[in-house]
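Trainee: I should like to take a close look at a single part of this model, namely the place where the ligand is held. Could you please guide me through that site and its surroundings?

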Amino acid sequence: MKDLNISARFIKGVGPSRLSTLNKLGIETVQDLLYCFPRRHEDRSRIKKIKETRSGNFETIKAKVLTFGDRMSKKGMNIFQVAVGDSTGVIHATWFNQPYMKDKFKIGQELILYGKVERYNYLQMNSPEYEILTGTEEDFVHIGRIVPVYPLTENLNQRWFRNIIKFTVDNYADGITDMLPFEMRRRNDLIVLKEAVRNIHFPASELVLKKARERIIFDEFFILQTGIALKRASVKIDLTGCSHKLDGDLIGRFKAILPFELTKSQSRVIKEIEDDMKSLEPMNRLLQGDVGSGKTVVALYALILTVQNGYQGAIMVPTEILAEQHYRNIKELVENLGVKVVILSGDLKEEERRRRRHMIEIGEADIIIGTHALIQEGVSFKKLGLAIIDEQHKFGVMQRAMLKSKSQNPDILVMTATPIPRTLALTVYGDMDVSVIDELPPGRGGVKTFFFEEKNREKAYKIAEEEINIGRQAYIVYPIIDESEKSDLRAAIKMHKELSGNFPDLKIGLLHGRMKSREKEAVMRDFKDQKINMLVSTIVIEVGVDISNASVMIIEHAERFGLSQLHQLRGRIGRGKHLSYCVLVSQPRTDDAKQRISAMLKTQDGFKIAEFDLEIRGPGEFFGTRQHGLPELKIANIVRDREALEAARKEAFELVQKDRFLRSPDNRLIRESLLNKFSREDLALASVG
Ligand code: ADP
Ligand code: MG
């Protein structure tokens with residue numbers, strides 16, 4: 001069997017200088033070359049008569065060299081032209097500043113040319129790709145076929161690279177061994193890997209190209225899912241977590257003081273969480289629920305459960321405003337039960353911070369609420385039984401891992417309002433169990449969404465005024481804090497002044513990220529206590545803020561916000577029994593911006609919004625794959641190729657079920673690929689290989 005791990009310098013055409021260019025692209029070995037897939041293909045297989053070509057189109061023609069020569073343009077540029085013709089017409093192939101081209105052609109030679117056809121006084125192709133026919137070739141590289149186009153940097157030439165790949169494929173693809181067993185290939189109708197690699201570079205037809213892509217996409221998903229399956233299995237067999245008793249005095253008293261009845265969804269999800277917490281296996285659960293669906297009370301229930309069992313519970317949130325809100329609400333509800341609640345967020349005085357850390361360390365604090373300050377060094381828990389992360393999409397996996405490492409295997413609950421289709425959730429949060437709250441608490445007044453152009457801004461103010469007159473409150477959100485010379489966007493600070501001038505009867509507050517925590521807290525408290533009618537804010541209120549009397553959300557320059565941000569902002573209203581109004585004020589210019597706004601007008605369903613968002617932004621950006629610690633997918637796309645993803649997932653989980661550590665010799669190649677793609681720690685793979 002050929003060794004594919006040899007240096008790329010063994011490939012014909014790769015000298016020392018080109019080798020170093022390849023190295024810069026991350027290509028070291030022959031194997032790397034084989035797996036450097038084209039970005040796209042161009043179909044240059046349909047050869048046209050010159051008369052049939054259309055100017056403006058990329059076309060492939062076959063013609064004879066009639067004459068050639070070069071001249072200087074007025075600007076001193078060398079222009080080299082070859083006139084070629086077939087039985088229907090003549091085209092001038094033109095190259096600029098490449099005088100050496102004239103040594104390549106002879107009159108009477110037959111050429112195949114591919115390029116964009118332009119019509120001046122005559123037909124022309126600028127710098128076309130060409131192949132000189134000698135009558136012996138059966139296998140074109142650059143034209144006369146479906147041709148690969150590679151993702152290269154400028155200083156690498158497609159033509160050169162294509163030749164390198166052609167040589168590599170012709171001489172080494174044979175050495176590729178297939179990691180998938182025959183039976184699995186048959187079940188999923190997949191071609192052999194070496195055929196797939198050959199054809200993804202130089203396909204004989206669109207059909208084989210499709211089969212080649214299918215195989216390689218499957219492999220990418222299969223490795224991804226096998227990694228996930230292993231990770232999940234390693235969590236599952238770990239029996240060193242905290243086992244919680246479910247019944248008891250504290251949880252009983254907590255249920256009794258709840259100000260409302262839980263929805264069916266909330267109860268179901270609590271049951272799922274209880275089952276996890278009861279077990280010695282550490283819980284590793286994701287809770288999805290749209291904005292306003294009532295995730296906080298579920299979190300609190302779990303926190304009380306852990307406290308009842310003599311543990312501490314922590315909840316980490318992305319903003320200080322949210323930490324403060326949770327702190328106030330939770331404290332108010334549970335301190336009468338004898339539960340000690342402590343907040344640990346950004347700008348505490350050093351002495352106070354030390355005092356609170358101490359309380360956490362000696363176990364005096366039962367429930368700890370904080371921002372990322374919670375995972376900073378110096379914070380240690382006496383006995384952490386449960387760690388919750390709220391608004392998980394605002395954090396990365398690293399932060400989750402760090403919070404987990406704060407204690408011996410605490411139960412983990414992660415909450416998010418970004419509802420994603422199940423398969424995708426199973427991939428992105430692949431090692432977690434998923435619970436879903438799929439209804440809103442009863443008695444909500446609903447939200448109407450409007451779109452006004454900037455010239456109609458007054459109408460938005462009018463809605464706010466009317467609502468304030470009947471006792472409601474309004475948010476008005478701007479994309480920036482301060483004016484800057486570079487943009488003509490309306491900014492929160494300036495608009496706060498202007499609105500205060502225009503509406504002297506209203507109490508208008510200001511909130512933004514540059515204010516001190518204490519100032520932010522004071523403003524939020526005043527808004528909560530209805531001492532402020534209208535809150536001018538930046539995106540700092542995006543997540544979590546819960547003030548049910550607020551019924552208007554005006555978003556200025558709505559085109560500047562992402563779809564999930566808009567949805568989250570709208571989620572700040574409609575939390576009470578009153579009908580609420582979300583007003584997007586915008587002058588959308590790009591197609592993307594128009595699509596986002598139209599999606600907001602079309603639906604309020606967070607699930608649909610997430611699908612739109614995925615469509616508009618693509619999965620890479622939507623999930624920030626990197627932050628999830630998943631290996632990069634080269635050509636597979638978890639949205640477009642959803643079916644392949646599911647098929648691969650099924651196979652992967654069955655495989656790991658049968659061979660927990662991939663120890664069987666049959667699975668050696670799979671294990672090797674896996675260790676290539678994931679880091680050992682990432683997968684808790686220490687036991688593998
Ligand atoms: P989110 O899921 O967006 O975090 P919250 O937990 O902030 O939502 O809940 C939104 C609002 O709904 C809060 O004011 C909360 O008190 C209220 N709420 C939660 N559950 C119920 C329920 N079962 N019945 C009535 N109101 C509820
Ligand atoms: Mg919330």
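Mentor: In this predicted model, ligand 1 sits in the second largest pocket. That pocket has a volume of about 1,200 Å³. Its lining consists of 42 residues, and Phe 260, Thr 296, Asn 329, Asp 546 and Arg 575 lie nearest its centre. Two helices deserve attention here: α9 (295-308) and α10 (320-334) each supply at least two residues of this lining. The largest share comes from α10, which contributes 8 residues. Sorted by class, the lining of the second largest pocket comprises 13 nonpolar, 17 polar and 12 charged residues.

Let us now move from the pocket to the ligand itself. There are 16 residues around ligand 1, and those that come nearest are Gly 292, Lys 295, Thr 296, Arg 444 and Asp 546. Two of these names, Thr 296 and Asp 546, will be familiar to you, for they also appear among the residues nearest the centre of the pocket. The shell around ligand 1 divides into 4 nonpolar, 6 polar and 6 charged residues.

Individual contacts add detail to this picture. In the side chain of Arg 444, an N or O atom is 2.7 Å from an oxygen atom of ligand 1. A second arginine, Arg 575, places a polar side-chain atom 3.1 Å from an oxygen atom of the ligand; Arg 575 is also one of the residues nearest the centre of the pocket. With Ser 293 the backbone is involved instead: one of its polar atoms is 3.4 Å from an oxygen atom of ligand 1. Taken alone, ligand 1 exposes 570 Å², and the protein buries 83% of that area.

For context, you may also examine the largest pocket, which holds about 1,500 Å³ of space. Its lining has 45 residues, of which Gln 31, Tyr 35, Lys 634, Asn 676 and Lys 677 are the closest to its centre. Several elements each supply at least two residues of that lining: α2 (30-34), β1 (40-43), α5 (193-201), α6 (206-236) and α22 (668-677). Of the elements, α6 gives the most, with 7 residues. By class, the lining of the largest pocket divides into 23 nonpolar, 9 polar and 13 charged residues. When you return to the structure, begin with ligand 1 in the second largest pocket, and then locate Arg 444, Arg 575 and Ser 293 beside its oxygen atoms.

How values were computed:
Residues numbered from 1 in each chain as written. Chains lettered and ligands numbered in written order. Predicted model: local features only at pLDDT ≥ 70, side-chain atom pairs only at ≥ 80, totals over all residues. Heavy atoms only, no water. Near = heavy atom within 4 Å. Polar contact = N/O pair within 3.5 Å; in protein donor to acceptor, adjacent residues only side chain to side chain. Areas by Shrake-Rupley, 256 points an atom, 1.4 Å probe, with all protein chains shown as cover. 1 Å grid on protein atoms, 1.4 Å probe; cavity = no way out; pocket = protein on both sides within 12 Å on 5 of 7 lines; lining within 4 Å. Sits in = over half its atoms within 2 Å of the grid points. Nonpolar A, V, L, I, M, F, W, Y, C, P; charged D, E, K, R; others polar. Points joined across faces, edges and corners; volume = space filled by probe spheres on them. Helix = DSSP H or I, 4+ residues; strand = E, 2+ residues; numbered from the N terminus.
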